[in-house]
Amino acid sequence: QVQLQESGPGLVKPSQTLSLTCTVSNGSLRADFYYWAWVRQPPGKGLEWMGAITYIGNTIYSPSLKSRASISRDTSKNQFTLQLSSVTPEDSAVYYCVGTYYSTGMEYWGQGTLITVSS
């Protein structure tokens, strides 16, 4: 069973860059037909897909983030990272990393990490 674990700062000040890391175990970022995504859920709102990196390293982002998001990976550590620049309180949310085997649609979710943007 693929397992994912998010790690992050918990609290970020407005205008700073948020950096989150997802560590993947029992699986490989390079495994064929997987993509690795970030999804967030603000308090009282629905899930928002933010972007993903594929098993060959291509990235795709939600247009709504207007180039603020960047996803990268370190295959030697089996980790992928989200950076979100110029954060505002509206970026406060539980952030999840998700692995998807797109041949079947099987998804693996991390437990989520709460990020609060506040001065």
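Here is a walk through this structure, from its strands to its core. Keep in mind that what you're looking at is a predicted model.

Let's begin with an open sheet of 4 strands, which come in the order β1-β3-β8-β7 with antiparallel pairing. Which strands stand at the edges? Those are β1, covering residues 3–7, and β7; each has a single partner strand, so one side of each is left without a neighbour in the sheet. Going from one strand to the next, the twist averages 20°.

Now go across the sheet pair by pair. β1 and β3 run antiparallel and are joined by 5 bridges. One residue to look for here is E6, whose bridge partner in β3 is C22; hold on to that cysteine, as we'll come back to it. Moving on, β3 pairs with β8 over 6 bridges, again in the antiparallel sense. Here L18 has L84 in β8 as its bridge partner. Then comes the step from β8 to β7, two strands that run antiparallel with 6 bridges joining them. To find your place there, look for S70, which stands opposite Q83 in β8.

Some other strand pairings are worth a visit too. β9 and β11 pair in the antiparallel sense, over 3 bridges, and A93 has I115 in β11 as its bridge partner. β11 also pairs with strand β2, residues 11–12: these two run parallel, and 2 bridges join them. In that pairing, L11 stands opposite T116 in β11. If you turn β11 around, you'll find a covered face made of T113, I115 and V117, and an uncovered one made of L114 and T116.

Back to that cysteine. How many disulfides does a search of the whole structure find? Just 1. A disulfide is a covalent bond between the sulfur atoms of two cysteines. The two cysteines are C22 and C97, with their sulfur atoms 2.1 Å apart. The link is right-handed, with 65° about the S-S bond. It ties together distant parts of the chain: C22 sits in strand β3 and C97 in strand β9, 75 residues apart. Are these cysteines buried or exposed? Buried means under 20% relative accessible area. C22 has a relative accessible area of 0%, so it counts as buried, and C97 is buried as well because its value is also 0%.

Next, the nonpolar core. The largest one has 26 residues, and those with the most contacts inside it are L4, W36, W38, F80 and Y95. Several strands each supply at least two residues of this core: β3 (18–25), β4 (34–41), β5 (48–54), β7 (69–74), β8 (79–84), β9 (93–101) and β11 (113–117). Which strand gives the most? That's β3, with 4 residues.

W36 makes a good landmark here. Leaving aside its neighbours within four places in sequence, W36 is in contact with residues including V2, L4, V24, L29, I53, F80, V98 and G99. Its meeting with F80 deserves a closer look. The two form a tilted aromatic pair, 6.1 Å centre to centre and with 50° between the planes. Along the chain they are distant, W36 in strand β4 and F80 in strand β8, 44 residues apart. W36 is buried, and so is F80. In all, the structure has 9 aromatic pairs, and ring pairs link Y34, W36, W38, F80 and Y101 into a cluster.

We can finish with two residues of strand β9, G99 and T100. G99 counts as buried because its relative accessibility is 0%. Not counting residues up to four places away in sequence, G99 touches L4, Y35, W36, M106, E107 and Y108. The C-alpha atoms of G99 and S28 are separated by 10 Å, though these residues are 71 apart along the chain. As for T100, its relative accessibility is 5%, so it counts as buried too. With the nearby stretch of sequence left out again, up to four places away, T100 touches F33, Y34, Y35, G105, M106 and E107.

Notes. Residues are numbered from 1 along each chain as its sequence is written. This is a predicted model: local features need pLDDT of at least 70, side-chain atom pairs count only at pLDDT 80 or more; totals for chains, interfaces and linings use all residues. Side-chain values use heavy atoms; hydrogens and water are left out. A nonpolar core is a set of buried Ala, Val, Leu, Ile, Met, Phe, Trp, Tyr and Cys residues joined through side-chain atoms within 4.5 Å. Buried means under 20% relative accessible area, exposed over 50%, partly exposed in between (1.4 Å probe, protein chains only). Contact means heavy atoms within 4.5 Å. Two strands pair if DSSP finds at least two bridges between them. Axes are lines fitted to C-alpha atoms, for helices over the stretch in contact, and angles run from 0 to 180 degrees between N-to-C directions. A disulfide is a pair of cysteine sulfur atoms within 2.5 Å. Rings of Phe, Tyr and Trp (its six-membered ring) pair if their centres lie within 6.5 Å; planes under 30 degrees apart count as stacked, over 60 as edge-to-face and the rest as tilted.
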